[in-house]
Amino acid sequence: MSSGMYSRASVDWDNLAFGTLYPAYSSYKAVKTKNVKEYVKWMMYWIVFALFTTAETITDMLLSWFPFYFELKIAFVIWLLSPYTKGSSVLYRKFVHPTLSNKEKEIDEYITQAKDRSYETMMRFGKRGLNIAATAAVTAATKVKSLC
């Protein structure tokens, strides 16, 4: 049990250091030097890493019991980052780009609908909040007046 917790903590730290902090710094360097080739490389990495992180949320719940699961995740992140394997570039070019290109219109429509719904929801809750605040203010003022 404790070795599983150690593996999990180690993977979380490794994913943070290797999967996020190192690429973030490398992205900063690409922006600073205005190297377009590096921009593209790191943008592909971030897109693949975002998808990996999203999938990881589900797979952690389902597969965390699998032997060496956490170590495999570390190896995968290193494969994504490696300049020799160019893992993120391979995944992006072979799978991610074609899939997003085919589904781009549907995704854009979904995002537009989600934005519209979130705005409507925010307005509805905002009105409710204002009504509750106004009622509370009137109630408090009435109580203060009745005490006088």
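Does Lys 34 count as buried or exposed, or, put differently, which class follows from its relative accessibility? In this predicted model, Lys 34 counts as exposed because its relative accessibility is 65%, a value that lies above the 50% cut-off for that class. Lys 34 is placed in the loop between helix H1 (2–33) and H2, and its phi is near 55°, a positive value in a residue other than glycine. A comparable description applies to Lys 86, which is found in the loop between H3 and H4 and has a positive phi of about 50° although it is not a glycine. Lys 86 is likewise exposed, since its relative accessible area is 51%, where exposure requires a value over 50%.

The fold in which these two loop residues are set consists of helices: the protein chain has 4 helices and 0 strands, and from the N terminus on its elements run α-α-α-α. Of the 148 residues of the protein chain, 21% count as buried, while the chain exposes about 11400 Å², of which carbon and sulfur atoms supply 69%. Among the contacts in the protein chain with a separation of 6 or more, 59% are accounted for by residues 24 or more positions apart.

Aromatic side chains were examined next. A pair of aromatic rings is described by the distance of the centres and the angle of the planes. By the rule applied here, the count comes to 11 aromatic pairs. One of these joins Trp 46 and Phe 49, whose ring centres are 6.1 Å apart and whose planes stand at 85°, so the pair is edge-to-face; the angle that this class requires is over 60 degrees. Both residues lie in helix H2, 3 residues apart, which is about one turn of the helix. Their exposure can be stated for each residue in turn: Trp 46 is partly exposed because its relative accessible area is 26%, whereas Phe 49, with a relative accessible area of 9%, is buried, the limit for burial being under 20%. Tyr 69 and Phe 70 form an aromatic pair that is also edge-to-face, with 5.2 Å from centre to centre and 70° between the planes, and both Tyr 69 and Phe 70 are buried. Ring pairs further link Tyr 22, Trp 42, Tyr 45, Trp 46, Phe 49, Phe 52, Phe 76 and Trp 79 into a cluster, so that the pair of Trp 46 and Phe 49 described above has its place within a wider set of linked rings.

A charged residue type also occurs among the buried positions. Lys 73 lies in helix H3 and is classed as buried because its relative accessible area is 5%. Lys 73 and Phe 52, the latter a member of the aromatic cluster, are 21 residues apart in sequence and 9.7 Å apart in space, taken from C-alpha to C-alpha.

Open space in the model was considered last. Rolling a probe the size of a water molecule over the atoms shows where empty space is left. The largest pocket has a volume of about 300 Å³ and is lined by 16 residues, of which Lys 37, Lys 41, Met 44, Lys 86 and Ser 89 lie nearest its centre. Lys 86, already described as an exposed loop residue with a positive phi, is thus encountered again at this site. Helix H2 (36–63), helix H3 (69–81) and helix H4 (87–147) each supply at least two residues of the lining, and H2 gives the most, with 7 residues. By class, the lining of the largest pocket has 7 nonpolar, 4 polar and 5 charged residues.

Note on methods: Residues are numbered from 1 along each chain as its sequence is written. This is a predicted model: local features need pLDDT of at least 70, side-chain atom pairs count only at pLDDT 80 or more; totals for chains, interfaces and linings use all residues. Side-chain values use heavy atoms; hydrogens and water are left out. On a 1 Å grid over the protein atoms alone, a cavity is a set of points where a 1.4 Å probe fits but cannot get out, and a pocket is an open set with protein on both sides within 12 Å along at least five of seven lines; lining residues have an atom within 4 Å of a point. Grid points are joined across faces, edges and corners, and a volume is the space filled by probe spheres set on the points. Ala, Val, Leu, Ile, Met, Phe, Trp, Tyr, Cys and Pro count as nonpolar, Asp, Glu, Lys and Arg as charged, and the others, Gly among them, as polar. Rings of Phe, Tyr and Trp (its six-membered ring) pair if their centres lie within 6.5 Å; planes under 30 degrees apart count as stacked, over 60 as edge-to-face and the rest as tilted. Buried means under 20% relative accessible area, exposed over 50%, partly exposed in between (1.4 Å probe, protein chains only). Contact means heavy atoms within 4.5 Å. Accessible areas come from the Shrake-Rupley method with a 1.4 Å probe; for residues, only the protein chains shown count as cover.
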